[in-house]
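Please consider the structure below together with its sequence. The paragraphs that follow lead through one part of the fold and then turn to the chain as a whole.

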Amino acid sequence: MLAQYLGEEGFDVDVAGSSSQMRARMAGAKFDAVLLDLVMPGDCDGLQLAREIRSGSDVPIIMLSGRDDVMDRVVGLEVGADDYIGKPFHLREVLARVRTVLRRRTVSNEAAPPEAGVLFFAGWRLDVERRAVTNPAGDEVAMSTGEFDMLHVFATHAGRVMTRDMLMDLTHKRGRDGFDRTIDALIVRLRRKIETDAANPSLIKSVRGVGYLFTARPETASGRS
């Protein structure tokens, strides 16, 4: 049903009926977005598959599930999903969500000013134009659209306490519910990728009752060690 509807709306849709088929599709082609059901046949569920996809790709992921409570949505976001749609849903809503994640990614790619094309902090390299993040060892780290946008906001507001409202506005994460857990889930994922010890973060500090503080000082390319 979704494949037919999205196809009629101009999308080139490929369908995978199981986790193994999904892996084969992802290995053989490049996709602009993934719609992933939480419950699916195969050797793992949608959450595990989303985690696998996110470990090697920044493709936008939209989770679909019949369980639409807050905790399920938070878990989906924590493993790397960019959005979460509970069933039953209207086909037009899915279409709008797909267009939103694609538009957000395109706008983020085009909106960076030339002088801010590459940012450096704590040995990390954030290429805004390529939307690529490189760790101090020189390895590229895969990030979702939301994770990259969050890191970009932090890197350009280093040393400033950011409230959740500010982060939601700057990362365009103020959805239909606008609940703070979306931001918290993104930061949990981001800490796992950039912190030496995610349980005791040194780059993204929590400011109790207020929000978060990015402690890394901006560096210049010439000033890096």
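In this predicted model, helix α6 lies across strands β8, β9 and β10, and its direction makes an angle of about 65° with that of β10. The helix covers residues 145-155, and because 10 of its 11 residues are buried, α6 is largely enclosed by the rest of the structure. The buried positions begin with T145, G146, E147, F148, D149, M150 and L151, and they continue with V153, F154 and A155. Charged residues are therefore among those that count as buried, since E147 and D149 both fall under 20% relative accessible area. An α-helix has 3.6 residues a turn, so residues three or four places apart point the same way. In α6, burial extends to residues that follow one another directly in sequence, including the run from T145 to L151.

The strands that α6 crosses belong to an open, antiparallel sheet of 3 strands, ordered β8-β10-β9. Strands β8 (161-163) and β9 (204-207) are the edges; each has a single partner strand, so one side of each is left without a neighbour in the sheet. From one strand to the next, the twist averages 35°. Between β8 and β10, which run antiparallel, there are 3 bridges, and in this pairing M162 of β8 stands opposite Y212 in β10.

Strand β10 also leads to a group of aromatic residues. One aromatic cluster is formed by F121, W124, F154 and F214. Of these residues, F154 is one of the buried positions of α6. The structure holds 3 aromatic pairs. One of them joins F121 and W124, whose rings are stacked at 6.5 Å centre to centre with 5° between the planes. F121 counts as buried because its relative accessible area is 2%, under the 20% limit. W124 is likewise buried, at 6% relative accessibility. F121 also pairs with F214: the ring centres are 5.2 Å apart and the planes stand at 75°, so this pair is edge-to-face. Since F121 lies in strand β4 (residues 118-121) and F214 in strand β10 (residues 211-214), the pair ties together parts that are 93 residues apart in sequence. Both F121 and F214 are buried.

What joins β4 to strand β5? The two strands run antiparallel and are linked by 4 bridges, with β5 spanning residues 124-127. Within this pairing, L119 stands opposite L126 in β5. The hairpin of β4 and β5 has 2 residues between the strands, and A122 takes a positive phi near 50° there. Strand β5 pairs in turn with strand β6 (residues 132-134), again in the antiparallel sense, over 3 bridges. Here D127 stands opposite A132 in β6. The hairpin of β5 and β6 has 4 residues between the strands, and in this hairpin R131 has a positive phi near 55°.

These elements can be placed within the chain as a whole. Its secondary structure comprises 8 helices and 11 strands. Of its 225 residues, 45% count as buried. Among contacts in the chain with a separation of 6 or more, 52% involve residues 24 or more positions apart. The accessible surface of the chain is about 11,600 Å², and carbon and sulfur atoms contribute 49% of that area.

Key: Residues numbered from 1 in each chain as written. Predicted model: local features only at pLDDT ≥ 70, side-chain atom pairs only at ≥ 80, totals over all residues. Heavy atoms only, no water. Buried < 20%, exposed > 50% of the residue type's maximum accessible area, 1.4 Å probe, protein only. Contact = heavy atoms within 4.5 Å. Areas by Shrake-Rupley, 256 points an atom, 1.4 Å probe, with all protein chains shown as cover. Phe/Tyr/Trp six-rings, centres within 6.5 Å; stacked < 30°, edge-to-face > 60°. Pairing = 2+ DSSP bridges. Axes fitted to C-alpha atoms, helices over the stretch in contact; angles between N-to-C directions.
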